[in-house]
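Me: I should like to learn how to read the features of a model such as this one. May we take them in turn, beginning with a pair of strands?

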Amino acid sequence: MPWLEEGWRHVWLPYAQMQTAPLPLPAVRTEGSRIHLADGRVLVDGIASWWTACHGYNHPHIVQAVTAQLQAMPHVMFGGLAHEPAYRLATRLAALMPGSLNRVFYSDSGSVAVEVAIKMAVQARLNQGERGRTKVLAFLGGYHGDTFGTMAICDPEEGMHSLFAGLLQEHPVIALPRDEASIAAFELFLEEHAGSLAAIIVEPLVQGAGGMVFHAPEVLQRLRRAADHYGLVLIFDEIFTGFGRTGTMFAFEQAGVVPDIVTLSKALTGGTCPLAVTIATDELFAAFLSDSPDTSLMHGPTFMANALGCAAANAGLDLFEREPRLEQVAAISAQLARELAPCRELPGVRDVRVLGAIGVVQLERIENPAALRMALVEKGVWVRPFRDILYLTPALTIAAEELSALTGAIFSVLAAA
Ligand SMILES: Cc1ncc(COP(=O)(O)O)c(C=O)c1O
C-alpha cells in the first residue's frame, strides 16, 4: 500500500514515540460496531473511536442528515451569519439541560470547549469588577485536554506539569473529596484559598483518560455545596460522560445537582465530525451583558457551529429520542458486568469495574500496551489498552454477540498472558 508507506514518513501520531511506534492498521470502512481493515480483516470496535461513535458508525439517519447539509451548505462563518442547524441544536441542547443552562457556545474540540469554560468563569468575575479570582480548582487523576490552558488543570503527570514548568498557568490540583481525609483536605483548601478561585472543574462520575476511575454521586453534591458556599462557578466536563455513557443522558443527573457550565463533545455528533459546546447558565451569561464591548466573551473559533457538525448532532439527538439508547446502555452494563467478572480470577488483575457502558479491567501493570493491542487484534477486536487498564466503551448500539466477542477476547488474551 504505497499511500501508507509514503505517508508514514510524513504523519505524526498522537501520544506516540515515533522512533518505535508500530505502523498503524490501515482502515478502509466502518459500519455499526465494525472496522474493516485494508487486508480484509474486520474488527469489532470496543472503544467507538475514543468514545464518539455512540450510535455506531455510519448510522443511516446521521449519514442522510450530513449528506443533505453538505449539499446545501457545509459551513458558513458564525460571526454575523445564522443557520438553522446551529440555532436548532442550541435550542434542543438547552431543553435537555436542567435549570438555567440555556446558553450554548460552539467550538470544534473538547479541549477548546474547556478553554472557553475557563475563560467564561474567569471573565465573569473580571466583568463584575472582581480581580484576583483567576484560578480553577481541579483534581488529581483528571483530564480536560491537551492545550496549554487545559493541561494546567489536568493531573500534573498527565498534563506534564514538570516538563512545561513555567509555561503552564498555575492552578491548584488536589485530591477529589471522596473519603474522610480528602474531604478534610478539600475543605481546608477552600477555607484558605477560595478567594483566589473562579471555578471548580471535574469530570462527573468518571475520570476517563485518567484511568476510568469512578466516584460516587455524593462527590458532585459536595462540590456543588462548596461552590455555592464560596461563590464559585462549577464546571462539569461531560465530554466523555455525556450522551448516555454512564447510564443517564448526562452523568450529573445521577447526583441530582446542576452545574453552572457543562462541556460536551465526542458523542455529540455521533463520531461523525468535530464539534463541541460550552453551555452556561443564564446567570453566568448575564455577567457578560453591558453597554460596553469590553465585557464580551472574546472567543470565536473559525469552524465554530460548523453546519455539518450541527446537522450530525441534531440527527444524533433525533436518535436519542427515537431509539432506546438508555435501555441499550442498561443491557450493555449488565452484560459487561456478567462477562468481565471472570477476569477477576486471573493472575495480575487488580480490579474489574463497570458503570453504564464502560467496562474496565485493571491490571497490576501493562508492560507492553502495543503488544497487548496486537494480541487483541489477532482475536478480531479493537481495544486500546493504556496505563494499567483494558477498557470497553463500545457504541451504545452494539449487538450482544459483538460485545461478547470483545469481553471474550479480553478474557482469553489475559488468560494466555
Ligand atoms: C473529559 C475530557 N475533557 C476534554 C477532552 C479533550 O477533548 P479533545 O480531545 O476533543 O480536545 C477529553 C478527551 O478525551 C476528555 O475526555
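Reply: Let us begin with one pair of strands, bearing in mind that the model is predicted. Strands of a sheet pair through backbone hydrogen bonds, either parallel or antiparallel. Here strand E14 (residues 358-363) is joined to E16 by 4 bridges, and the sense of the pairing is antiparallel. One of the residues involved is Val361, whose bridge partner in E16 is Leu390.

Me: To what order of strands does the sheet conform, and is the sheet open?

Reply: The sheet is open and has 3 strands, in the order E13-E14-E16, with antiparallel pairing. Strand E13 (349-355) and strand E16 (389-392) form the edges, since each of them pairs on one side only. From one strand to the next, the twist averages 10 degrees.

Me: Which helix lies across E13, E14 and E16?

Reply: That is helix H11 (residues 325-340), which runs at about 165 degrees to E13.

Me: Let us turn to burial in a helix. Which residues of helix H12 are buried?

Reply: In H12 (residues 369-378), the buried residues are Leu372, Arg373 and Leu376. Viewed down the axis of H12, these buried residues fall within an arc of 100 degrees, so they line one face of the helix. They pack against strand E15 (381-382) and helix H13 (400-416). Following H12 comes Gly380, which has a positive phi, near 90 degrees.

Me: Why is Arg373 classed as buried?

Reply: A residue counts as buried if 20 or more other C-beta atoms lie within 10 Å of its own. Arg373 has 21 other C-beta atoms within 10 Å, and is therefore buried.

Me: With which residues is Arg373 in contact, leaving aside its neighbours within four places in sequence?

Reply: Arg373, which belongs to helix H12, is in contact with Val383, Arg384 and Pro385 once those neighbours are set aside. As for Ile201, it is separated from Arg373 by 172 residues in sequence and by 32 Å in space, taken from C-alpha to C-alpha.

Me: Finally, how should the surroundings of the ligand be read? How many residues surround the ligand, and which are the closest?

Reply: One may ask which residues form the shell, what their character is and where they come from. The ligand is surrounded by 14 residues, the closest being Gly110, Ser111, Gly145, Ile239 and Phe240. By character, the shell comprises 5 nonpolar, 7 polar and 2 charged residues. Helix H5 (residues 110-127) supplies the largest share of the shell, with 3 residues.

Technical notes
Residues numbered from 1 in each chain as written. Predicted model: local features only at pLDDT ≥ 70, side-chain atom pairs only at ≥ 80, totals over all residues. Near = placed C-beta within 6 Å. Helix = DSSP H or I, 4+ residues; strand = E, 2+ residues; numbered from the N terminus. Nonpolar A, V, L, I, M, F, W, Y, C, P; charged D, E, K, R; others polar. Pairing = 2+ DSSP bridges. Axes fitted to C-alpha atoms, helices over the stretch in contact; angles between N-to-C directions. Contact = placed C-beta atoms within 7 Å. Buried ≥ 20, exposed ≤ 12 C-beta atoms within 10 Å, placed from the backbone. Arc of directions from axis to C-beta.
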